[in-house]
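Okay, everyone, thanks for coming. Could you put the structure up on the screen, please?

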Amino acid sequence: MEDFSMTLRHFLIFLNVCDEEGMTKAAEKLHISQPSVSQAIKELEEHYQVKLFERLGKRLFITPAGQELMHYARHVLSLTNKAESTLRGFSSHSPLRIGATLSVGESVFVPLLCHFKAKLPEQVIFSRIHNTTTLEQYLLQDELDIALVEGNLESEYLREIPFMEDELVFVASPDSKQTMSKKEIAKCSFIVREEGSGTRNLFEQIMREHNITPRISGVYNNSSTIKQAVMAGLGITVLSKKIVEKEIIDGSLIEISVPHINFRRNFRIVHHVNKYITSTLELFINTCHEMYS
């Protein structure tokens, strides 16, 4: 193709087709015609000499080449937006978008944000708490600048920096035994976090390693409800020791020791490998290490 140069418009249209999983919905969202969307995708494919989408039946599927372009296109548009917001007003601070998993959120996140805000009182912060899988998607889609997670990540486009150690423990209502064998723990009913949770993934991984198939009697998406259910004797659970520390001290929960079963992990700082690390982001990373390393 002669004299063709990439434009932000091409990337914007391409990303909307990816997100909407179709050209018709992308056209509606962008308020342009479907032929305009089709033409932009065609120009991209001709320029790079690759197929970005495959149509199977009535559905559109992104190809491996399309997946690769998607990450770069998001990064380009993100940098463009940051440049515009910065140049439009040096006196205003761009919001720092920080995510955390529930385990991090219920143990160290708020004190960390408070400590960081004390260093930069004028800095605007937008924070959100979700499970590891959801935060991974937000980082890849540039809906977050950085996240604090404990679960395993799938994408090769994310950089991980450990900043503190954590341990999960078995906990139960006060009338339970404080020490159990593997056979006894295998007979217990467990109340666990939802799929996609780093805590759930580690729990299942370690139990598999010990040839234990846990009996699951409840699945909740927050630790507070899990703790209430366990206190009521509806089952036992595995949670971060930092989250149940207070309840263990006041006697409303007890820790169960099971010989040879340990749940250790690291809380990690995560950002996209192509993320431009501003001085503000660097200060936040350093604050994590300063407080918890």
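I'll start with the whole chain, then go to one helix, some rings, one methionine and two odd backbone angles.

First, a word on where this comes from. This is a predicted model, so local features need pLDDT of at least 70 and side-chain atom pairs count only at pLDDT 80 or more, while totals for chains, interfaces and linings use all residues. Residues are numbered from 1 along each chain as its sequence is written, and side-chain values use heavy atoms, with hydrogens and water left out.

Right, the overall picture. The chain has eleven helices and eleven strands; those are DSSP runs, H or I of at least four residues for helices and E of at least two for strands, numbered from the N terminus. Its C-alpha atoms fill a box of roughly 75 × 50 × 30 Å along the principal axes. Of the 293 residues, 45% are buried. Buried means under 20% relative accessible area, exposed means over 50%, and partly exposed is in between, with a 1.4 Å probe and protein chains only. Now take the contacts (heavy atoms within 4.5 Å) with a separation of 6 or more: 74% of them are between residues 24 or more positions apart.

Now find helix α10, residues 241–250. Which of its residues are buried? Ile243, Val244 and Glu247 are. They cover an arc of only 55 degrees around the axis, so they sit on the same side of α10; that arc is taken from the directions from the helix axis to the C-beta atoms. Here's the textbook bit: an α-helix has 3.6 residues a turn, so residues three or four places apart point the same way. Over on the other side of α10, Lys246 and Ile249 are exposed. And what do the buried residues of α10 pack against? The answer is α5 (102–119), β6 (158–172), α9 (223–231) and β9 (237–240). Right after α10 comes Gly251, with a positive phi near 85 degrees.

Keep β6 in mind, and let's look at rings. The structure holds eight aromatic pairs. Rings of Phe, Tyr and Trp (its six-membered ring) pair if their centres lie within 6.5 Å; planes under 30 degrees apart are stacked, over 60 edge-to-face, and the rest tilted. One of the pairs is Phe170 with Phe190: it's tilted, 6.2 Å centre to centre, with 50 degrees between the planes. Phe170 is in strand β6 and Phe190 in strand β7 (residues 189–193), 20 residues apart, so this pair links distant parts of the chain. Both Phe170 and Phe190 are buried. Ring pairs also join Phe170, Phe190, Phe203 and Phe263 into a cluster.

Strand β6 also holds Met164. Met164 is buried, at 7% relative accessible area. Leaving out residues up to four places away in sequence, Met164 touches Val108, Lys242, Arg265, Asn266, Phe267 and Tyr292. Take Lys242: Met164 is 78 residues away from it in sequence, but 12 Å away in space, C-alpha to C-alpha.

Last stop, the odd angles. Most residues other than glycine have a negative phi, and most peptide bonds are trans. Glu21, though, has a positive phi, near 60 degrees. Glu21 is in the loop between α1 (8–20) and α2 (23–30), and at 56% relative accessibility it counts as exposed. Then there's His260, with phi near 75 degrees. His260 lies in the loop between β10 (254–256) and β11 (263–272), and it's exposed too, at 67%.
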